[in-house]
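The following exercises concern a predicted model. Each task is followed by a solution in steps.

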Amino acid sequence: MRLKEFESKRILQSMGVSLPKGKLVSTPAEARQAAQEIGAPVVLKVQILATGRGKAGGVKFADTPEQAEQVAGQMIGMQIKGYVVEQLLVEEKLDIAQELYLAATFEEATKGRLMMASDAGGMDINEVAEKDPTRINRVHMDSWIDMHPFQAKELAYGLGLSGKVNSAAQSLFLKLWATFVSFDAILAEINPVVVTKDGRVVAADAHIEIEGDSMFRQKDRLAALGILDRDDNAKPPTEFEVEALKIDKADYRGVAGRVVEFPGSLGLMIGAGGGSLTLFDAILRNGGKPANYCEVGGNPPVSKVYRLCKLILQKPGVKGLAVMTNVFSNSRVDTLARGMIKAMLELGIDPATYPITFRSAGAFEEDAYAILRKYGVKYLGRDVNIEDAAKAAVSMMEGL
Ligand code: GDP
Ligand code: MN
């Protein structure tokens with residue numbers, strides 16, 4: 001579950017992290033009142049589930065309470081990044097000496113947890129990672145235990161901090177890590193950590209995401225902070241997604257779900273042990289245009305695969321199909337082949353001529369391949385890796 005800035009900050013505050021003085025408001029009059037209480041000048045920030053608000057006009061300053069009221073009047077109700085602004089966080093305007101970047105997260109490449117810090121705070125960290133990767137320090141964490149003090153030291157000195165600021169930063173690192181672990185976060189990011197001219201180290205912005213599967217044990221603790229469990233999907237499900245959901249719900253056996261609609265022409269039936277994400281990424285990386293994302297696995301019955309496949313093939317604009325998985329250990333490959341062929345025959349599609357990239361392997365693969373051969377479908381074996389399978393699917397779609 002993604003959290004807004006003020007929610008993320010409530011969590012950080014509960015863990016002892018220093019924050020700027022601030023107040024959540026939803027009317028211009030409240031903004032004026034807040035500026036009075038906090039003491040102008042203030043910064044006003046829109047509370048939406050998106051970052052990069054600054055660049056999009058979602059962060060403004062006011063020198064007086066009157067001005068705060070006026071600026072709030074312009075901001076409330078405005079649309080930013082597809083969200084209508086309903087709340088603002090009014091905070092003391094910090095006198096910034098330095099902006100740092102700090103995050104606890106998971107890293108795909110090492111399949112591990114890590115803490116990242118950079119002296120390039122306040123900027124888009126993905127941009128920094130691309131243009132100036134040496135400016136980001138990474139400390140890999142070996143377990144769920146607390147961060148070791150030496151790791152915090154390493155990060156603080158790596159940022160070139162000294163004296164009081166250095167120790168305050170170390171304390172912040174330890175607290176952020178404790179927050180990340182104890183709240184089951186998948187991301188806990190502070191960008192920027194602000195070092196003020198008078199030597200305070202405060203979290204000026206915060207972005208926390210809680211693992212959805214952990215909500216059962218975080219719910220109460222979050223509710224105590226005024227953060228309610230919710231479906232934070234940025235957009236309501238499309239008709240296509242609703243239909244797919246029905247297919248998955250109709251039968252408890254296996255998965256043919258998590259279907260997300262995309263505007264491309266390549267229909268996807270993908271899965272197996274993280275295979276969906278890996279394959280989807282590989283297709284995008286190679287310039288493919290998927291019509292959907294989905295997850296197939298856990299040994300679904302043929303009927304489920306067939307219904308999902310039919311839905312995908314009928315989606316307007318779909319011109320080709322990629323059935324691709326990792327090596328299945330818990331599902332039968334022939335199920336995919338059977339479901340796909342049945343869907344095609346029923347729709348009057350000739351499997352021998354329709355653009356198909358089939359790359360799946362594992363249990364009952366020989367049965368699957370025999371079925372495919374019978375219907376004239378070419379297929380790729382387990383000797384073709386995921387990247388090459390994705391490339392094959394993308395090139396199959398060229399000119400279609
Ligand atoms: P984001 O754009 O959604 O990440 O919003 P932030 O809260 O991170 O604000 C963006 C930028 O606005 C920060 O990196 C700062 O440069 C600036 N900013 C935010 N708060 C203050 C503040 O209190 N004082 C000053 N001088 N700048 C601020
Ligand atoms: Mn920020």
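A molecule is said to sit in a pocket if more than half of its atoms lie within 2 Å of the grid points of that pocket.

**Exercise 1.** Determine in which pocket ligand 1 sits, and which residues are closest to it.

*Solution.* Step 1: by the criterion above, ligand 1 is placed in the second largest pocket. Step 2: the ligand is surrounded by 17 residues, the closest being Lys45, Arg53, Gly54, Leu94 and Glu99.

**Exercise 2.** Examine the polar contacts of ligand 1, taking N or O pairs within 3.5 Å.

*Solution.* Step 1: the side chain of Glu99 has an N or O atom 2.6 Å from an oxygen atom of ligand 1. Step 2: for Arg53, the corresponding side-chain distance to a ligand oxygen is 2.7 Å. Step 3: a polar side-chain atom of Lys45 is found 2.9 Å from an oxygen of the ligand. Step 4: of the 560 Å² that ligand 1 exposes when taken alone, the protein buries 82%.

**Exercise 3.** Describe the domains and the nonpolar cores.

*Solution.* Step 1: the division gives domain 1 (21-92), domain 2 (96-224) and domain 3 (239-396). Step 2: 47 Å separates the C-alpha centres of domain 1 and domain 3. Step 3: the largest nonpolar core comprises 56 residues, with Leu321, Met340 and Phe358 making the most contacts inside it. Step 4: another core, apart from that one, has 41 residues, including Ala117, Leu159, Val195 and Leu222.

Technical notes: Residues numbered from 1 in each chain as written. Chains lettered and ligands numbered in written order. Predicted model: local features only at pLDDT ≥ 70, side-chain atom pairs only at ≥ 80, totals over all residues. Heavy atoms only, no water. Core = buried A, V, L, I, M, F, W, Y, C linked by side-chain atoms within 4.5 Å. Buried < 20%, exposed > 50% of the residue type's maximum accessible area, 1.4 Å probe, protein only. Domains from an automatic or database assignment. Near = heavy atom within 4 Å. Polar contact = N/O pair within 3.5 Å; in protein donor to acceptor, adjacent residues only side chain to side chain. Areas by Shrake-Rupley, 256 points an atom, 1.4 Å probe, with all protein chains shown as cover. 1 Å grid on protein atoms, 1.4 Å probe; cavity = no way out; pocket = protein on both sides within 12 Å on 5 of 7 lines; lining within 4 Å.
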